[in-house]
Amino acid sequence: MWRLVTSLTALVSSSKSSILNQPASTLKIWKSLTTETPILARHGISTHDCTPFITFVLGGPGSGKGTQCAKIVETFGFKHLSAGDLLRREIACNSKYGSTILNTIKEGRIVPSEVTVKLIQREMESSDNHKFLIDGFPRSEENRIAFERIMGAEPNIVLFFDCPEEEMVKRVLSRNQGRVDDNLDTMKKRLKVFEAWNLPVINYYAEKGKLHKISALGTEDEIFEQVRPLFAACEQINSKTLLFLEGQ
Ligand SMILES: Nc1ncnc2c1ncn2[C@@H]1O[C@H](COP(=O)(O)OP(=O)(O)O)[C@@H](O)[C@H]1O
Ligand SMILES: Nc1ccn([C@H]2C[C@H](O)[C@@H](COP(=O)(O)OP(=O)(O)O)O2)c(=O)n1
Ligand SMILES: [Mg+2]
């Protein structure tokens, strides 16, 4: 359950994290509680009042978004929603949008926002979890605005895996998952699309003070050590807030 808003300032400044490329004073996080406790009940806080905690996970193709999301899920219990996976599922089940999505993905372009947001919405609304990692979304300002309009929500934090193009190309070409877009031709187009459409979204969240830029070079574990402090800080807030409530 997600409810109170707490400032991370103290926690972040004591975490010695190098990933926070913004003043800690601008960082706000919603308190997360996954279970109803007597302490909460005494304070009139119910799990029915849930507001989701939303993390957008951005980065170029092959920057390691999916790999790091799996680690966040395993360590912090988030629900992982990969926009690309949801779209590929539509192709696989021959939905009415299937062939349009397939052609768009092959050409390295972005699927119309209405389609992608509806898929994300369906998953969020049917999930018992309230902590979401939305991976590979928003990929354009149009995506971002459609999400805000349809869901009436904004992300609490945004991760950006910053990776040199050369490394992204290398990783995508050796990904070996049988994806129709993992070839040099589509990859070149995807990199152009990333620069033209995704970078403005990244800049938007940087200006809003929500962006956490992470260097995507290094081993998977080294990269996760940059990610971990962010979510660990959220967990620390949970326990501190509970202790605070307990003292009331
Ligand atoms: N830190 C890393 N170093 C080397 N290869 C990586 C790293 N992280 C992920 N990979 C590999 O690179 C490929 C792309 O990673 P993936 O998580 O699918 O990226 P994205 O979701 O951003 O496209 C995968 O084959 C993955 O195993
Ligand atoms: N928000 C999104 C996310 C993905 N897509 C489409 C277009 C993308 O090139 C493909 C693949 O996305 P995916 O996030 O799975 O790709 P990477 O993991 O970054 O390689 O899906 C989209 O149209 N809109
Ligand atoms: Mg991915």
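In this predicted model, ligand 1 is surrounded by 14 residues, of which Gly64, Lys65, Gly66, Thr67 and Arg171 are the closest. Helix H3 makes the largest contribution to this shell, with three residues. H3 and H10 each provide at least two residues of the shell around ligand 1. By residue class, this shell comprises two nonpolar, eight polar and four charged residues.

Ligand 2 has a shell of 20 residues, and the closest of these are Pro61, Ala83, Gly84, Val111 and Gly136. Two or more residues of this shell come from each of helix H3 (65-76), helix H4 (83-92) and helix H5 (98-106). The largest share, three residues, belongs to H4. The shell around ligand 2 is made up of seven nonpolar, nine polar and four charged residues. Helix H3 thus appears in the shell of ligand 1 and in that of ligand 2.

The composition of the two shells is set out below.

| Shell | Nonpolar | Polar | Charged |
|---|---|---|---|
| Ligand 1 | two residues | eight residues | four residues |
| Ligand 2 | seven residues | nine residues | four residues |

Attention now turns to the protein interior. The largest nonpolar core contains 44 residues, and the members that touch the most others are Ile120, Leu133, Ile134, Val158 and Leu159. Helix H10 (residues 220-246) supplies the largest share of this core, six residues. H10 also gives at least two residues to the shell around ligand 1.

Val158, one of the core members named above, touches Phe56, Leu58, Tyr205, Lys210, Leu211 and His212 when residues up to four places away in sequence are not counted.

Definitions and conventions:
Residues numbered from 1 in each chain as written. Chains lettered and ligands numbered in written order. Predicted model: local features only at pLDDT ≥ 70, side-chain atom pairs only at ≥ 80, totals over all residues. Core = buried A, V, L, I, M, F, W, Y, C linked by C-beta atoms within 7 Å. Buried ≥ 20, exposed ≤ 12 C-beta atoms within 10 Å, placed from the backbone. Helix = DSSP H or I, 4+ residues; strand = E, 2+ residues; numbered from the N terminus. Contact = placed C-beta atoms within 7 Å. Near = placed C-beta within 6 Å. Nonpolar A, V, L, I, M, F, W, Y, C, P; charged D, E, K, R; others polar.
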